[in-house]
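Work through the exercises below with the sequence and the structure at hand. Each task is followed by a solution in steps.

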Amino acid sequence: MIEFVYVGIFYALLALMLLYRVLKGPSVVDRAVAADSIDILTVVALIVFSIFSNRSIYLDIALVLAILGFLGTVLIARYLEGRL
Amino acid sequence: MILVNYIACIILIVLGFYVILTKKNILKIIIGMGLVDYGINLLIISIGFNPGGTAPIFTFSELRPESFFVDPVPQALTLTSIVIGACVTAMALSLVIKIKEKYGTLDADKVRRLNG
Amino acid sequence: MSNNRKVKDVIVKTAADLFTPIALVLGFYIILHGHLSPGGGFQGGVLVASAVILIYLGYGYSEVSKRFNMEFIKKNEALGAILFTVFGLAGILYGSVFFTNVFVGIGNVGDLISSGTIMFMNDSVGYKVLTGVGFLILLMIGLLAPDNEN
Amino acid sequence: MNSIVILNTLVIIGILISAFLTVKFDNLLSSIIALSITGSFVALEFMLLHAPDVAIAEAAVGAVLSPVIFIITLKKVKEGKEE
Amino acid sequence: MIARIIIDLFLLLGCFFAFAGVVGLIRMPDSFTRMQSSTNIATLGVLWTVLGVAIYAFMNNNIAFGIKVILIGVFVVITSAISGHAILRGAYKHGIRPDNLVVDEYRRDNPDE
Amino acid sequence: MQHYPILSIVTLFLGAFLTVIFGSKNETVRKFIALVASSISLILVLMLIKPVMIENNVIQYWMGNWRPIHDWAIGIGLEVDSLGLFFGIIAVVTIFLSIVFSFRYTEKDSETDKYYVLFLMLSGSVLGLVFTGDLFNMFVMIEIMTFAAVGLTAFRNYQEGALEAALKYLVLGSIGSSLVLAGTITIYSQVHTLNMAQISALLFNNLTPSTLFAFALLLAGYSLKAFVVPFHPAAPDAYMSAPSSISMAFSGMVNKAGVYAIIRLVYVLYHAMSFKSIQLLLIIIGTITMFVGVTMALAQNDFKRLLAFHSISQIGYVITAVGVSTALGLTAGLYHALNHTLFKGLLFLTAGAVFYATGTTDLNKLGGLAKKMPQTAAVFLIGAFSISGLPPFNGFVSKWLVYQATYQANLAPVTIVALLVSVMTLASFIKVAQSIFFGQMPKEFENVKEVPLSMRIPMWIMAILCVLTGIFPNFVTKYLISPAVSAALNVGKYIDIMMGNGYAEKILGKPVEIPAVDYVLAGYWNPVAWLVLFALLLLAVTIVAVAGGFNTASLPVDGDDSKYEVFFGGEANEYSHVKGNDLFWGLKYDLRHYFGFMHDAHSGIINDYALWAIFTTTIFIVYIFLLVP
């Protein structure tokens, strides 16, 4: 179904918009939050792309990113907390 | 589509080399090496891409008779390259930690006991 | 100082409890199905090894150092590499050349056990990578340990 | 096909911008965050080029493993100092 | 046809919430409000999209696909909550405070941290 | 016989892994495994001499039995032709002797388990590099090699600068790997295969801008691995701070691996025999490498660092001779590569022995050790005579061949530079001999003893090999060098054996025949020409000396100007004892601008070194695009 790829484009655009927050973000926290959101948007774009390509095996990547994407964020949080 | 990729790869590689050449922080230099890696991996995958092809993994249910594969060889090469890149990063970082312990600084201008 | 640092971090601990098995299952799935679906030894190995980070985030260094024996892991990494080489040498033993796929013809295409030694080589690579990357991460976390003890 | 080209171009732009941010930030932590964003985008781009194996490896290494070891290193070398 | 409209509707809803989250993340004044807004993407945006995709997959008898997608949705929702919690705590400990802070309840509850 | 190459590689890797499992506690087990693995691979490779070198076969080996289908190579192939086997022999001999040497040498170090693991991996990767027939495999092997080398450089991390050297090596090596990978994939995008024989066939008379670009990238990358001059500055640091047995392996194998890759690239892949401009490029970088290496070596105060710069300089000889691109030139280059392994390995081993006995390699602190360590001094003299090219030793033969080859190719200036470099080599080894083995002995070395037997045996084997290859050059040429030369020049046969009969005929036309080489070692004696050469040499020296005399800037090395005043027999007391640093101060003072510039250029900053590498790569690309087509 063709509209899936439009959804993917839309999510990619959103991710691009978030890069503005990464650029501007006055503190590291904002950048980390934006990075986390970009990770999630990437996951959604991957889902949408794999259903567009009609290959279920593509979903493994989205699964990996969804499960492990938060590790980096939590680690950054711990770093900021000062008790890594 | 592919032309954009090639340009992006070259820009990535150039950015990485720019970091290696100009930044004085060793950790930043290693980040630059990572960027060069990204650029080259992207270049390899872009070379193997066929417009309209699908992933070179055979499944019964989802492939239509007319589908064809993108070139699998560059993907294998890129996997190796990614593995090597990860190893380089890990090794360089462990060296950085040791250097920081020994020299007390990460400034490339000061890590120069061997010269001349 | 050391008491103060023992913050009750229930949420991250629960997440570690929840996601460690999931990461392990996903990693082993990716290793075992390396010849059928995307992924393989390296990718799955990294995923399994990242469970170490999860445990560290949830329970701190003391738990990690209690659970893992570095020397043992190092030896197992070498074991994975040796297994890989031995599966390669099996080709020579069976009268052909290095890396020849010897047990072909067992199972149907698409089954888990269907591709001869390829799958076992994949698994040994996975074993090597999961121990190797796990060792790397343990080493990295171990570097941080003196901070936590002070 | 055309829409895929647009998606591809957008992702490429994302890669380039985040790589540029990686270079630009002087704060090392921000730079590492930008590097991990680049990793995510590159994984997505590999997926768009139909290389799922590589995309998994890139997602596992570029978006998870390398930020983690970078941050641990950063913590180790910046003992006592803020950021 | 109705199924397709429903799928489209779900996708649109997902897009809308994700967009709202992103706009919030860009326009909100301080770190904590931005964080709040970012959770919008992970929960509502992802869930609607995942539902739409899953319905499409189930309709095409692609059961494995649907289950995997739903799993991913669940994981994303859980992990985003965890990372949100962790980063918020990190930000607080790092010394970032909301702009118009009136009552610091976290400090009141945990005086020793 | 067919399985020998792969078994020799696998044995080393298996040895490395087994060392981890069984040898983590027990030192003896580690040594045993290392010795067994290296001797097995030594025997396996030496047993290949008869079929490959003498009967002139090429062993082809397709991994997993994936043979070419429809004339298209789809598998990963090993090929062992005489060229690869020549470098393989060099490598295994180095590995074996180095492992024997390191048994006692590393006894003062902790964590020797890592030492043997990394060393075996380094050796396995070098063997894999020289035996493989696949362009991407070369990249992988070169990368494993770099890793192991970096790890070994940082092995003695208690030493001054070991970590720093390792980091520089790693950063530069990673740039080199990126260049190699980019070049490989550019070639792949053009010909869609990675097998070197097929690439060679497809690229014949078929160069596109992309493949030329790939050539520039690959040449730069492999040059970085071989440490030719603009890429060299990581090398002296690494050689200096690694253990001596490793320095020997570096100069014996790692450098040679780069040289092998360059020869493979230039001769086999790109048929550069027919491109004058590529030959000229190689000769130019070779000559610069020779000169810069030796002049930097003259100014050094550390034994191992000096040796490292000499190593670079000798690689320059090899590259120059290879670039001459006649059969004689290639013979000279390969012969010098062999000799370089022998005498430089020997010299590094003596440096290791001196370090083992005294704990330092600083020339200014040592002296008079010949009385205490007579055997080390003897083998050192053999090595020094060899490297300086004195007649009965092997250096003379290969250097003479280099002069002859360059002179015959109408490159008299290069010959002059080569002669000059040879003279400077002798000079700097006089300095070393004077300040380590002769001269005054400092008080603290009264109790120095000769090194143990297991360290002397490899040194004596090296020394005997140095003499033997010097006395029987015809034997060496007949059985080792000329098969390798014919393999490098006769590409058609190589392609034929790898890809099936007739494939090369179809693409290349007819196989390239080698002209029979007349190895007259008495030389090309034309008195007038040599007289003119020596006159030119004198003129050059005079010009340099006079030009230096007009400069009034102070010497950058140390600012004490009164030292350089003219004393009419009544030198100030403090200058009367000649230290290693002061032996050639007149020359250094005369050329202080050059030395000062070079000293500043080797600044020790990673960014500068990376800049050199990238800048030179750019120059390669521009040069090749402008001149080759």
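**Exercise 1.** In the loop between which helices of chain C is C:Phe99 found? Then decide how far this residue is exposed.

Solution. The model is a predicted one.
Step 1: C:Phe99 sits in the loop that runs between helix H4 (70–93) and helix H5 (117–149) of chain C.
Step 2: The phi angle of C:Phe99 is near 70°, a positive value in a residue other than glycine.
Step 3: The relative accessible area of C:Phe99 is 28%. Buried would need a value under 20% and exposed one over 50%, so C:Phe99 is partly exposed.

**Exercise 2.** Is F:Phe227 buried or exposed? Locate the residue as well.

Solution.
Step 1: F:Phe227 belongs to the loop between helix H9 (209–226) and helix H10 (234–241) of chain F.
Step 2: Phi is positive for F:Phe227, near 60°, and the residue is other than glycine.
Step 3: With a relative accessible area of 3%, F:Phe227 is buried, because the cut-off is under 20%.

**Exercise 3.** Describe how H9(F) and helix H11 (residues 244–269) of chain F are arranged.

Solution.
Step 1: The two axes come within 7 Å and cross at roughly 160°.
Step 2: Angles over 145 degrees count as roughly antiparallel, therefore H9(F) and H11(F) are roughly antiparallel to each other.
Step 3: The crossing of H9(F) past H11(F) is left-handed.
Step 4: Residues of H9(F) in the contact include F:Phe215, F:Leu218 and F:Tyr222, and those of H11(F) include F:Val254, F:Gly258 and F:Leu265.
Step 5: Sorted by class, this contact of H9(F) with H11(F) has 11 nonpolar, three polar and one charged residues.

Notes: Residues numbered from 1 in each chain as written. Chains lettered and ligands numbered in written order. Predicted model: local features only at pLDDT ≥ 70, side-chain atom pairs only at ≥ 80, totals over all residues. Heavy atoms only, no water. Helix = DSSP H or I, 4+ residues; strand = E, 2+ residues; numbered from the N terminus. Buried < 20%, exposed > 50% of the residue type's maximum accessible area, 1.4 Å probe, protein only. Axes fitted to C-alpha atoms, helices over the stretch in contact; angles between N-to-C directions. Parallel < 35°, antiparallel > 145°, perpendicular 65-115°, else oblique. Left-handed = near helix turned anticlockwise from the far one by under 90°. Contact = heavy atoms within 4.5 Å. Nonpolar A, V, L, I, M, F, W, Y, C, P; charged D, E, K, R; others polar.
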